[in-house]
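Subject: Handover of a structure and notes on it

Dear colleague,

Please find below the structure that I am passing on to you. I should be grateful if you would read the notes after it with the structure open.

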Amino acid sequence: MASNPPPIHEQWSSRFAFILAATGSAVGLGNIWKFPYITGENGGGAFVMVYLLCIVLIGVPIMMAETMMGRRGRQNPINTLKTLAAEAGASANWQYLGWLGVIAGFLILSFYSVIAGWSMAYVAKAFTGSFSGESAGVISQLFADLKASPKEQAFWHTVFIIATMSIVARGVSGGLEKSVRFLMPSLFFLLMLLVAYAMTTGSYMQGLEFLFKPDFSELTGAAVLTAMGHAFFTLSLGMGAIMVYGSYLPKDISIAKTAMIIAGADTAVALLAGMAIFPIVFANDLAVGSGPGLIFETLPIAFGNMTGGWLFGLLFFVLLVFAALSSAISLIEPAVAWCIERFNVSRKKASVIMGALVWVLGMGTVLSFNEWSEVTIFGANFFEAIDYLTANIMLPLGGFFIALFAGRVMLAKHSQDELEINNQLFSVWKFLVSYVAPAAVFIVFLNVLGVFGIFS
Ligand code: TRP
(Lines give C-alpha, C1' and ligand atoms only; values in the text may rest on other atoms or scores of the structure.)
Protein backbone atom coordinates (compact mmCIF):
# COMPACT_ATOMS: atom_id res chain seq x y z
CA MET A 1 0.00 0.00 0.00
CA ALA A 2 1.28 3.47 -0.81
CA SER A 3 2.40 5.18 2.34
CA ASN A 4 3.16 8.64 1.06
CA PRO A 5 1.95 11.07 3.67
CA PRO A 6 -1.21 12.78 2.42
CA PRO A 7 -0.98 16.54 1.96
CA ILE A 8 -0.72 18.64 5.08
CA HIS A 9 -4.11 19.93 6.13
CA GLU A 10 -5.04 23.43 7.16
CA GLN A 11 -3.32 25.31 9.99
CA TRP A 12 -4.64 27.34 12.89
CA SER A 13 -4.30 31.06 12.38
CA SER A 14 -2.41 31.55 15.62
CA ARG A 15 -1.44 30.10 18.98
CA PHE A 16 -4.55 31.68 20.43
CA ALA A 17 -6.70 29.87 17.89
CA PHE A 18 -5.19 26.55 18.96
CA ILE A 19 -5.75 27.37 22.63
CA LEU A 20 -9.35 28.22 21.86
CA ALA A 21 -10.00 25.04 19.92
CA ALA A 22 -8.22 22.78 22.40
CA THR A 23 -9.98 24.48 25.32
CA GLY A 24 -13.22 24.10 23.41
CA SER A 25 -12.49 20.40 23.16
CA ALA A 26 -11.48 20.05 26.80
CA VAL A 27 -14.25 22.08 28.42
CA GLY A 28 -17.55 20.34 27.96
CA LEU A 29 -19.97 17.95 29.60
CA GLY A 30 -16.99 16.34 31.31
CA ASN A 31 -16.51 19.43 33.45
CA ILE A 32 -20.07 20.46 34.15
CA TRP A 33 -22.03 17.21 33.96
CA LYS A 34 -19.60 14.39 34.68
CA PHE A 35 -17.14 15.85 37.18
CA PRO A 36 -19.81 16.80 39.76
CA TYR A 37 -21.73 13.54 39.57
CA ILE A 38 -18.71 11.25 39.79
CA THR A 39 -17.36 13.39 42.63
CA GLY A 40 -20.70 12.88 44.37
CA GLU A 41 -20.63 9.14 43.77
CA ASN A 42 -17.05 8.78 44.98
CA GLY A 43 -17.17 10.62 48.27
CA GLY A 44 -15.89 14.13 47.43
CA GLY A 45 -12.62 15.69 48.63
CA ALA A 46 -10.21 12.75 48.44
CA PHE A 47 -11.48 11.87 44.98
CA VAL A 48 -11.04 15.50 43.86
CA MET A 49 -7.49 15.50 45.18
CA VAL A 50 -6.53 12.38 43.23
CA TYR A 51 -8.13 13.91 40.16
CA LEU A 52 -6.12 17.14 40.52
CA LEU A 53 -2.92 15.18 41.04
CA CYS A 54 -3.60 13.21 37.86
CA ILE A 55 -4.20 16.43 35.91
CA VAL A 56 -0.80 17.83 36.91
CA LEU A 57 1.37 14.70 36.83
CA ILE A 58 -0.25 12.77 33.99
CA GLY A 59 -2.57 15.11 32.11
CA VAL A 60 -0.31 18.06 31.36
CA PRO A 61 2.72 15.98 30.27
CA ILE A 62 0.56 13.77 28.05
CA MET A 63 -1.16 16.79 26.57
CA MET A 64 2.28 18.10 25.64
CA ALA A 65 3.17 14.69 24.20
CA GLU A 66 0.04 14.51 22.05
CA THR A 67 0.38 18.06 20.78
CA MET A 68 4.03 17.52 19.98
CA MET A 69 3.42 14.22 18.18
CA GLY A 70 0.55 15.72 16.20
CA ARG A 71 2.61 18.67 15.08
CA ARG A 72 5.47 16.46 13.99
CA GLY A 73 3.32 13.87 12.26
CA ARG A 74 0.86 16.28 10.65
CA GLN A 75 -1.81 13.70 9.73
CA ASN A 76 -4.64 11.79 11.38
CA PRO A 77 -3.46 9.94 14.51
CA ILE A 78 -3.14 6.58 12.76
CA ASN A 79 -0.87 7.89 10.00
CA THR A 80 0.94 10.19 12.41
CA LEU A 81 1.90 7.19 14.53
CA LYS A 82 2.90 5.23 11.45
CA THR A 83 5.14 8.08 10.28
CA LEU A 84 6.67 8.80 13.67
CA ALA A 85 7.31 5.11 14.33
CA ALA A 86 9.09 4.82 10.98
CA GLU A 87 11.12 7.93 11.76
CA ALA A 88 12.22 6.39 15.07
CA GLY A 89 12.88 2.99 13.52
CA ALA A 90 10.14 1.44 15.67
CA SER A 91 7.49 -1.15 14.83
CA ALA A 92 4.66 -0.24 12.46
CA ASN A 93 2.32 -1.78 15.03
CA TRP A 94 2.27 1.58 16.78
CA GLN A 95 -0.42 2.60 14.32
CA TYR A 96 -2.86 0.42 16.27
CA LEU A 97 -2.61 2.97 19.03
CA GLY A 98 -4.17 5.40 16.59
CA TRP A 99 -6.93 2.87 16.02
CA LEU A 100 -7.64 2.58 19.70
CA GLY A 101 -8.14 6.33 19.79
CA VAL A 102 -10.39 6.54 16.76
CA ILE A 103 -12.63 3.86 18.24
CA ALA A 104 -12.64 5.44 21.71
CA GLY A 105 -13.70 8.82 20.33
CA PHE A 106 -16.43 7.19 18.33
CA LEU A 107 -17.76 5.29 21.36
CA ILE A 108 -17.59 8.33 23.64
CA LEU A 109 -19.51 10.49 21.19
CA SER A 110 -22.35 7.96 21.17
CA PHE A 111 -23.28 8.66 24.80
CA TYR A 112 -21.94 12.21 24.85
CA SER A 113 -24.53 13.12 22.27
CA VAL A 114 -27.35 11.73 24.40
CA ILE A 115 -26.31 13.82 27.41
CA ALA A 116 -25.86 16.86 25.17
CA GLY A 117 -29.38 16.05 24.03
CA TRP A 118 -30.58 16.26 27.65
CA SER A 119 -28.99 19.71 27.78
CA MET A 120 -30.89 20.68 24.64
CA ALA A 121 -34.11 19.43 26.19
CA TYR A 122 -33.31 21.69 29.15
CA VAL A 123 -32.88 24.68 26.84
CA ALA A 124 -36.46 24.08 25.77
CA LYS A 125 -37.62 23.59 29.38
CA ALA A 126 -35.83 26.76 30.49
CA PHE A 127 -37.42 28.68 27.63
CA THR A 128 -40.95 27.65 28.53
CA GLY A 129 -40.37 28.57 32.17
CA SER A 130 -40.57 25.02 33.55
CA PHE A 131 -38.22 25.80 36.47
CA SER A 132 -39.80 29.01 37.65
CA GLY A 133 -40.39 28.95 41.41
CA GLU A 134 -40.37 25.14 41.50
CA SER A 135 -39.26 22.99 44.43
CA ALA A 136 -36.56 20.35 44.34
CA GLY A 137 -39.24 17.67 44.09
CA VAL A 138 -40.83 19.07 40.94
CA ILE A 139 -37.40 19.60 39.38
CA SER A 140 -36.42 15.98 40.09
CA GLN A 141 -39.66 14.78 38.51
CA LEU A 142 -38.92 16.83 35.39
CA PHE A 143 -35.68 14.93 35.00
CA ALA A 144 -37.23 11.56 35.81
CA ASP A 145 -39.76 12.16 33.03
CA LEU A 146 -37.05 12.92 30.49
CA LYS A 147 -35.09 9.83 31.52
CA ALA A 148 -38.18 7.67 31.14
CA SER A 149 -38.89 8.90 27.61
CA PRO A 150 -36.91 7.23 24.82
CA LYS A 151 -38.73 9.42 22.29
CA GLU A 152 -37.80 12.76 23.80
CA GLN A 153 -34.18 11.68 24.28
CA ALA A 154 -33.92 10.19 20.80
CA PHE A 155 -35.23 13.40 19.31
CA TRP A 156 -32.60 15.61 20.94
CA HIS A 157 -29.85 13.04 20.39
CA THR A 158 -30.68 13.19 16.69
CA VAL A 159 -30.61 17.00 16.66
CA PHE A 160 -27.24 17.02 18.39
CA ILE A 161 -25.64 14.49 16.04
CA ILE A 162 -26.87 16.45 13.02
CA ALA A 163 -25.49 19.69 14.49
CA THR A 164 -22.11 18.10 15.25
CA MET A 165 -21.73 16.41 11.90
CA SER A 166 -22.70 19.51 9.93
CA ILE A 167 -19.92 21.44 11.65
CA VAL A 168 -17.42 18.63 11.09
CA ALA A 169 -18.51 18.36 7.45
CA ARG A 170 -17.48 21.97 6.91
CA GLY A 171 -14.00 21.45 8.38
CA VAL A 172 -12.39 22.38 11.64
CA SER A 173 -11.52 26.08 11.94
CA GLY A 174 -13.18 29.46 11.38
CA GLY A 175 -16.54 29.06 13.08
CA LEU A 176 -15.11 27.04 15.91
CA GLU A 177 -12.56 29.69 16.85
CA LYS A 178 -15.16 32.42 16.95
CA SER A 179 -17.73 30.52 18.94
CA VAL A 180 -15.23 29.36 21.58
CA ARG A 181 -13.92 32.90 21.98
CA PHE A 182 -17.39 34.00 23.04
CA LEU A 183 -18.34 30.78 24.77
CA MET A 184 -15.63 30.49 27.40
CA PRO A 185 -15.97 33.93 29.05
CA SER A 186 -19.77 33.64 29.06
CA LEU A 187 -19.65 30.20 30.61
CA PHE A 188 -17.30 31.46 33.29
CA PHE A 189 -19.63 34.34 34.05
CA LEU A 190 -22.69 32.12 34.44
CA LEU A 191 -20.84 29.64 36.62
CA MET A 192 -19.75 32.49 38.90
CA LEU A 193 -23.34 33.60 39.09
CA LEU A 194 -24.38 30.08 40.10
CA VAL A 195 -21.66 30.00 42.74
CA ALA A 196 -22.99 33.33 44.04
CA TYR A 197 -26.46 31.75 44.27
CA ALA A 198 -24.95 28.74 46.05
CA MET A 199 -23.59 31.14 48.68
CA THR A 200 -27.15 32.19 49.54
CA THR A 201 -28.41 28.63 50.13
CA GLY A 202 -27.04 28.38 53.65
CA SER A 203 -25.18 25.20 52.73
CA TYR A 204 -22.26 26.80 50.91
CA MET A 205 -19.63 25.76 53.43
CA GLN A 206 -20.98 22.24 53.58
CA GLY A 207 -20.70 22.04 49.79
CA LEU A 208 -17.14 23.34 49.80
CA GLU A 209 -16.17 20.94 52.52
CA PHE A 210 -17.54 18.01 50.58
CA LEU A 211 -15.58 19.10 47.53
CA PHE A 212 -12.27 20.06 49.11
CA LYS A 213 -11.91 18.34 52.47
CA PRO A 214 -10.34 14.96 51.74
CA ASP A 215 -11.54 11.98 53.71
CA PHE A 216 -9.29 9.18 52.56
CA SER A 217 -11.40 6.52 54.20
CA GLU A 218 -13.90 7.26 51.40
CA LEU A 219 -11.37 6.46 48.69
CA THR A 220 -11.60 3.08 46.95
CA GLY A 221 -9.36 1.61 44.26
CA ALA A 222 -12.24 1.95 41.84
CA ALA A 223 -12.56 5.64 42.75
CA VAL A 224 -8.87 6.19 42.03
CA LEU A 225 -9.32 4.63 38.57
CA THR A 226 -12.36 6.80 37.94
CA ALA A 227 -10.43 9.92 38.99
CA MET A 228 -7.54 9.04 36.71
CA GLY A 229 -9.83 8.13 33.83
CA HIS A 230 -11.63 11.41 34.24
CA ALA A 231 -8.37 13.37 34.07
CA PHE A 232 -7.95 11.91 30.57
CA PHE A 233 -11.58 12.44 29.68
CA THR A 234 -11.78 16.05 30.79
CA LEU A 235 -8.57 17.08 29.00
CA SER A 236 -9.57 15.14 25.86
CA LEU A 237 -6.47 12.97 26.12
CA GLY A 238 -5.60 9.40 25.28
CA MET A 239 -7.36 9.07 21.94
CA GLY A 240 -5.65 11.43 19.54
CA ALA A 241 -8.08 14.37 19.63
CA ILE A 242 -5.40 16.74 20.83
CA MET A 243 -2.99 15.04 18.45
CA VAL A 244 -5.25 15.99 15.55
CA TYR A 245 -5.49 19.57 16.81
CA GLY A 246 -1.72 19.62 17.29
CA SER A 247 -1.34 18.62 13.66
CA TYR A 248 -2.88 21.95 12.69
CA LEU A 249 -0.48 23.86 14.92
CA PRO A 250 2.12 26.21 13.39
CA LYS A 251 5.73 25.51 14.21
CA ASP A 252 6.61 28.54 16.34
CA ILE A 253 4.35 27.95 19.33
CA SER A 254 5.24 26.96 22.91
CA ILE A 255 3.52 23.66 23.56
CA ALA A 256 4.31 23.60 27.28
CA LYS A 257 2.75 26.95 28.10
CA THR A 258 -0.25 26.18 25.96
CA ALA A 259 -0.90 22.85 27.70
CA MET A 260 -0.79 24.51 31.11
CA ILE A 261 -3.22 27.24 30.11
CA ILE A 262 -5.69 24.69 28.74
CA ALA A 263 -5.46 22.41 31.77
CA GLY A 264 -5.86 25.42 34.08
CA ALA A 265 -8.97 26.69 32.34
CA ASP A 266 -10.48 23.22 32.22
CA THR A 267 -9.89 22.59 35.92
CA ALA A 268 -11.30 25.98 36.88
CA VAL A 269 -14.56 25.25 35.07
CA ALA A 270 -14.95 21.85 36.74
CA LEU A 271 -14.27 23.20 40.24
CA LEU A 272 -16.68 26.12 39.74
CA ALA A 273 -19.37 23.70 38.62
CA GLY A 274 -18.79 21.64 41.77
CA MET A 275 -18.89 24.75 43.96
CA ALA A 276 -22.24 25.69 42.46
CA ILE A 277 -23.82 22.26 42.59
CA PHE A 278 -22.97 20.74 45.99
CA PRO A 279 -24.34 23.55 48.16
CA ILE A 280 -27.64 23.21 46.26
CA VAL A 281 -27.56 19.44 46.81
CA PHE A 282 -27.18 19.85 50.57
CA ALA A 283 -29.57 22.77 50.91
CA ASN A 284 -32.34 20.72 49.28
CA ASP A 285 -31.55 17.39 50.91
CA LEU A 286 -30.77 15.77 47.59
CA ALA A 287 -28.47 12.76 47.28
CA VAL A 288 -24.84 13.57 46.32
CA GLY A 289 -24.56 10.18 44.66
CA SER A 290 -27.69 10.42 42.54
CA GLY A 291 -25.71 9.83 39.33
CA PRO A 292 -25.80 11.24 35.80
CA GLY A 293 -28.88 13.37 36.49
CA LEU A 294 -27.18 15.44 39.21
CA ILE A 295 -26.79 18.77 37.37
CA PHE A 296 -30.28 18.49 35.90
CA GLU A 297 -31.77 17.95 39.34
CA THR A 298 -29.86 20.79 41.04
CA LEU A 299 -29.12 23.77 38.78
CA PRO A 300 -32.73 24.31 37.68
CA ILE A 301 -33.57 24.87 41.37
CA ALA A 302 -31.13 27.78 41.37
CA PHE A 303 -32.54 29.20 38.14
CA GLY A 304 -36.10 28.73 39.31
CA ASN A 305 -35.50 30.69 42.46
CA MET A 306 -33.10 33.52 41.57
CA THR A 307 -33.94 36.92 40.09
CA GLY A 308 -33.51 36.85 36.34
CA GLY A 309 -33.41 33.07 36.57
CA TRP A 310 -35.40 32.55 33.39
CA LEU A 311 -32.81 34.35 31.29
CA PHE A 312 -29.79 32.93 33.11
CA GLY A 313 -31.15 29.40 32.99
CA LEU A 314 -31.81 29.68 29.31
CA LEU A 315 -28.35 31.12 28.67
CA PHE A 316 -26.67 28.48 30.81
CA PHE A 317 -28.14 25.51 28.99
CA VAL A 318 -27.52 27.14 25.61
CA LEU A 319 -23.86 27.59 26.57
CA LEU A 320 -23.68 24.04 27.86
CA VAL A 321 -24.90 22.78 24.48
CA PHE A 322 -22.26 24.85 22.70
CA ALA A 323 -19.56 23.63 25.07
CA ALA A 324 -20.68 20.08 24.29
CA LEU A 325 -20.61 20.80 20.57
CA SER A 326 -17.05 22.09 20.57
CA SER A 327 -16.04 18.90 22.43
CA ALA A 328 -18.09 16.56 20.27
CA ILE A 329 -16.35 17.84 17.16
CA SER A 330 -13.00 16.72 18.51
CA LEU A 331 -14.35 13.30 19.46
CA ILE A 332 -15.29 12.44 15.90
CA GLU A 333 -12.67 14.46 13.97
CA PRO A 334 -10.05 11.67 14.18
CA ALA A 335 -12.51 9.15 12.72
CA VAL A 336 -13.59 11.53 9.97
CA ALA A 337 -10.01 12.57 9.16
CA TRP A 338 -9.07 8.91 8.93
CA CYS A 339 -12.06 8.05 6.74
CA ILE A 340 -11.18 10.89 4.34
CA GLU A 341 -7.50 10.04 4.10
CA ARG A 342 -8.04 6.28 3.95
CA PHE A 343 -10.93 5.97 1.52
CA ASN A 344 -10.33 9.20 -0.33
CA VAL A 345 -13.96 10.27 0.14
CA SER A 346 -15.16 13.83 0.62
CA ARG A 347 -15.35 15.34 4.10
CA LYS A 348 -19.08 15.56 3.70
CA LYS A 349 -19.53 11.89 2.88
CA ALA A 350 -17.23 10.81 5.71
CA SER A 351 -19.24 12.96 8.14
CA VAL A 352 -22.56 11.49 7.07
CA ILE A 353 -21.32 7.91 7.43
CA MET A 354 -19.73 8.46 10.84
CA GLY A 355 -22.72 10.44 12.08
CA ALA A 356 -25.12 7.66 11.14
CA LEU A 357 -23.02 5.01 12.88
CA VAL A 358 -22.64 7.03 16.07
CA TRP A 359 -26.36 7.77 16.08
CA VAL A 360 -27.27 4.08 16.06
CA LEU A 361 -24.90 3.30 18.90
CA GLY A 362 -26.21 6.28 20.87
CA MET A 363 -29.68 4.79 20.80
CA GLY A 364 -28.31 2.09 23.09
CA THR A 365 -27.54 4.76 25.68
CA VAL A 366 -30.98 6.33 25.25
CA LEU A 367 -32.61 2.97 25.94
CA SER A 368 -30.30 2.16 28.84
CA PHE A 369 -32.12 4.83 30.90
CA ASN A 370 -35.52 3.22 30.37
CA GLU A 371 -36.48 0.13 28.32
CA TRP A 372 -33.07 -1.53 28.67
CA SER A 373 -32.26 -0.37 32.19
CA GLU A 374 -32.31 -3.99 33.38
CA VAL A 375 -30.03 -5.22 30.63
CA THR A 376 -26.57 -5.30 32.20
CA ILE A 377 -23.06 -6.66 31.70
CA PHE A 378 -20.95 -6.94 34.87
CA GLY A 379 -23.68 -4.99 36.63
CA ALA A 380 -23.45 -2.04 34.25
CA ASN A 381 -26.15 -0.97 31.80
CA PHE A 382 -25.31 -0.01 28.21
CA PHE A 383 -24.41 3.60 29.02
CA GLU A 384 -22.38 2.68 32.10
CA ALA A 385 -20.54 -0.05 30.22
CA ILE A 386 -19.49 2.25 27.35
CA ASP A 387 -18.56 5.00 29.78
CA TYR A 388 -16.45 2.59 31.84
CA LEU A 389 -14.84 0.97 28.82
CA THR A 390 -13.82 4.30 27.30
CA ALA A 391 -13.01 6.59 30.25
CA ASN A 392 -11.61 4.00 32.64
CA ILE A 393 -9.92 1.61 30.22
CA MET A 394 -9.36 2.88 26.67
CA LEU A 395 -8.26 6.46 27.45
CA PRO A 396 -5.77 5.52 30.21
CA LEU A 397 -4.47 2.70 28.02
CA GLY A 398 -4.12 5.07 25.07
CA GLY A 399 -2.42 7.59 27.35
CA PHE A 400 -0.08 4.89 28.65
CA PHE A 401 1.16 4.07 25.16
CA ILE A 402 1.26 7.68 24.00
CA ALA A 403 3.43 8.51 27.01
CA LEU A 404 5.75 5.59 26.32
CA PHE A 405 5.96 6.48 22.66
CA ALA A 406 6.75 10.14 23.28
CA GLY A 407 9.15 9.38 26.13
CA ARG A 408 10.95 6.27 25.00
CA VAL A 409 10.39 5.56 21.33
CA MET A 410 10.79 8.99 19.83
CA LEU A 411 14.33 10.30 19.76
CA ALA A 412 14.90 12.96 22.40
CA LYS A 413 16.33 15.12 19.64
CA HIS A 414 12.97 15.07 17.85
CA SER A 415 10.74 15.66 20.84
CA GLN A 416 13.00 18.41 22.15
CA ASP A 417 12.96 19.95 18.72
CA GLU A 418 9.17 20.23 18.81
CA LEU A 419 8.75 21.15 22.46
CA GLU A 420 11.50 23.78 22.47
CA ILE A 421 11.71 24.06 26.24
CA ASN A 422 14.93 24.47 28.22
CA ASN A 423 16.89 21.37 29.15
CA GLN A 424 15.74 21.21 32.76
CA LEU A 425 12.06 21.43 31.89
CA PHE A 426 12.61 18.92 29.13
CA SER A 427 14.11 16.42 31.58
CA VAL A 428 11.16 16.88 33.93
CA TRP A 429 8.73 16.32 31.07
CA LYS A 430 10.65 13.31 29.79
CA PHE A 431 10.73 11.75 33.23
CA LEU A 432 6.99 12.28 33.67
CA VAL A 433 6.04 10.72 30.33
CA SER A 434 8.64 7.95 30.38
CA TYR A 435 8.09 6.76 33.93
CA VAL A 436 5.55 8.54 36.12
CA ALA A 437 2.51 8.53 33.81
CA PRO A 438 2.90 4.93 32.54
CA ALA A 439 3.66 3.62 36.05
CA ALA A 440 0.65 5.43 37.50
CA VAL A 441 -1.71 3.95 34.91
CA PHE A 442 -0.22 0.50 35.35
CA ILE A 443 -0.45 0.53 39.14
CA VAL A 444 -4.00 1.87 39.18
CA PHE A 445 -5.07 -0.84 36.71
CA LEU A 446 -3.43 -3.63 38.69
CA ASN A 447 -4.90 -2.25 41.88
CA VAL A 448 -8.42 -2.41 40.49
CA LEU A 449 -7.76 -5.98 39.42
CA GLY A 450 -7.04 -6.65 43.07
CA VAL A 451 -3.30 -7.20 42.77
CA PHE A 452 -2.37 -4.62 45.41
CA GLY A 453 -5.52 -3.93 47.32
CA ILE A 454 -4.58 -0.30 48.04
CA PHE A 455 -7.73 1.64 49.02
CA SER A 456 -9.97 -1.32 48.45
N1 TRP B 1 -13.06 16.75 27.25
C2 TRP B 1 -14.45 16.77 26.87
C3 TRP B 1 -15.29 17.05 28.08
O4 TRP B 1 -14.76 17.11 29.16
C5 TRP B 1 -14.87 15.50 26.18
C6 TRP B 1 -13.96 15.14 25.07
C7 TRP B 1 -13.81 15.82 23.91
C8 TRP B 1 -13.04 14.07 25.03
N9 TRP B 1 -12.84 15.23 23.15
C10 TRP B 1 -12.37 14.15 23.82
C11 TRP B 1 -12.74 13.08 25.93
C12 TRP B 1 -11.37 13.23 23.51
C13 TRP B 1 -11.76 12.16 25.61
C14 TRP B 1 -11.07 12.23 24.43
O15 TRP B 1 -16.47 17.21 27.98
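The notes that follow go from the whole chain to individual helices and residues.

Please bear in mind that this is a predicted model.

Overall form

The protein contains 18 helices and zero strands. Its C-alpha trace spans about 65 × 50 × 40 Å along the principal axes. For 456 residues, a compact globule would be expected to have a radius of gyration near 23 Å, and the value of 21 Å found for the protein agrees with this. Of the 456 residues, 61% are buried. Among contacts between residues at least 6 apart in sequence, 83% join residues at least 24 apart.

The core and helix α14

The largest nonpolar core has 169 residues, and those with the most contacts inside it are Trp33, Met69, Phe316 and Ile332. Helix α14 supplies the largest share of this core, namely 19 residues. In soluble globular proteins, nonpolar side chains tend to be buried together.

Helix α14 covers residues 309–343, and at 1.5 Å a residue its 35 residues should span 51 Å; the C-alpha atoms at its ends are 50 Å apart, in agreement with that expectation. Because 27 of its 35 residues are buried, α14 is largely enclosed by the rest of the structure. The helix bends by about 40° at Ile332, and the proline Pro334 follows within four residues. Ile332 itself, leaving aside neighbours within four places in sequence, is in contact with Phe106, Leu109, Thr164, Met165, Val168, Met354 and Val358. Just after α14, Asn344 takes a positive phi of about 60°.

Helix α5 and its contacts

Helix α5 (residues 95–127) holds Val123, and Ser119 lies in α5 as well. Setting aside neighbours within four places in sequence, Val123 is in contact with Leu314, Phe317, Val318 and Val321. The C-alpha atoms of Val123 and Phe317 are separated by 5.3 Å, although these residues are 194 residues apart along the chain. Ser119 has 0% relative accessibility and therefore counts as buried, the cut-off being under 20%. With neighbours within four places again left out, the contacts of Ser119 are Leu29, Phe296, Phe317, Leu320 and Val321.

Helices α4 and α17

Thr80 is part of helix α4, which comprises residues 77–87. Its relative accessibility is 0%, so Thr80 counts as buried. Residues up to four places away in sequence not being counted, Thr80 touches Met69, Gly73, Arg74, Gln75 and Met243. Met69 is also one of the residues with the most contacts inside the largest nonpolar core.

In helix α17 (residues 412–419), the buried residues are His414, Ser415, Gln416, Glu418 and Leu419. The elements covering them include α3 (45–73), α4, α12 (255–283), α16 (382–409) and α18 (423–448). Just after α17, Glu420 takes a positive phi of about 50°.

Residues with a positive phi

Most residues other than glycine have a negative phi. Besides the residues that follow α14 and α17, two loop positions deserve a look. Ser236, in the loop between α10 (221–234) and α11 (241–246), has a positive phi near 60°. Asp285, in the loop between α12 and α13 (294–305), has a positive phi of about 55° although it is not a glycine.

Are these two loop residues, Ser236 and Asp285, buried or exposed? Ser236 has a relative accessible area of 11% and is buried, whereas Asp285, at 73% relative accessibility, counts as exposed.

Cysteines

How many disulfides does a search of the whole structure find? The search finds zero. Cys54 counts as buried at 10% relative accessibility, and Cys339 counts as buried at 5%.

If you have time for one part of the model, I would suggest beginning with helix α14, which bends at Ile332 and gives the largest nonpolar core its largest share of residues.

With kind regards

Notes:
Residues numbered from 1 in each chain as written. Predicted model: local features only at pLDDT ≥ 70, side-chain atom pairs only at ≥ 80, totals over all residues. Heavy atoms only, no water. Helix = DSSP H or I, 4+ residues; strand = E, 2+ residues; numbered from the N terminus. Expected span 1.5 Å × (residues − 1). Bend = angle between axes of the 7 residues up to and from the residue. Buried < 20%, exposed > 50% of the residue type's maximum accessible area, 1.4 Å probe, protein only. Core = buried A, V, L, I, M, F, W, Y, C linked by side-chain atoms within 4.5 Å. Contact = heavy atoms within 4.5 Å. Disulfide = S-S within 2.5 Å. Rg over C-alpha atoms; globule rule 2.2 N^0.38 Å.
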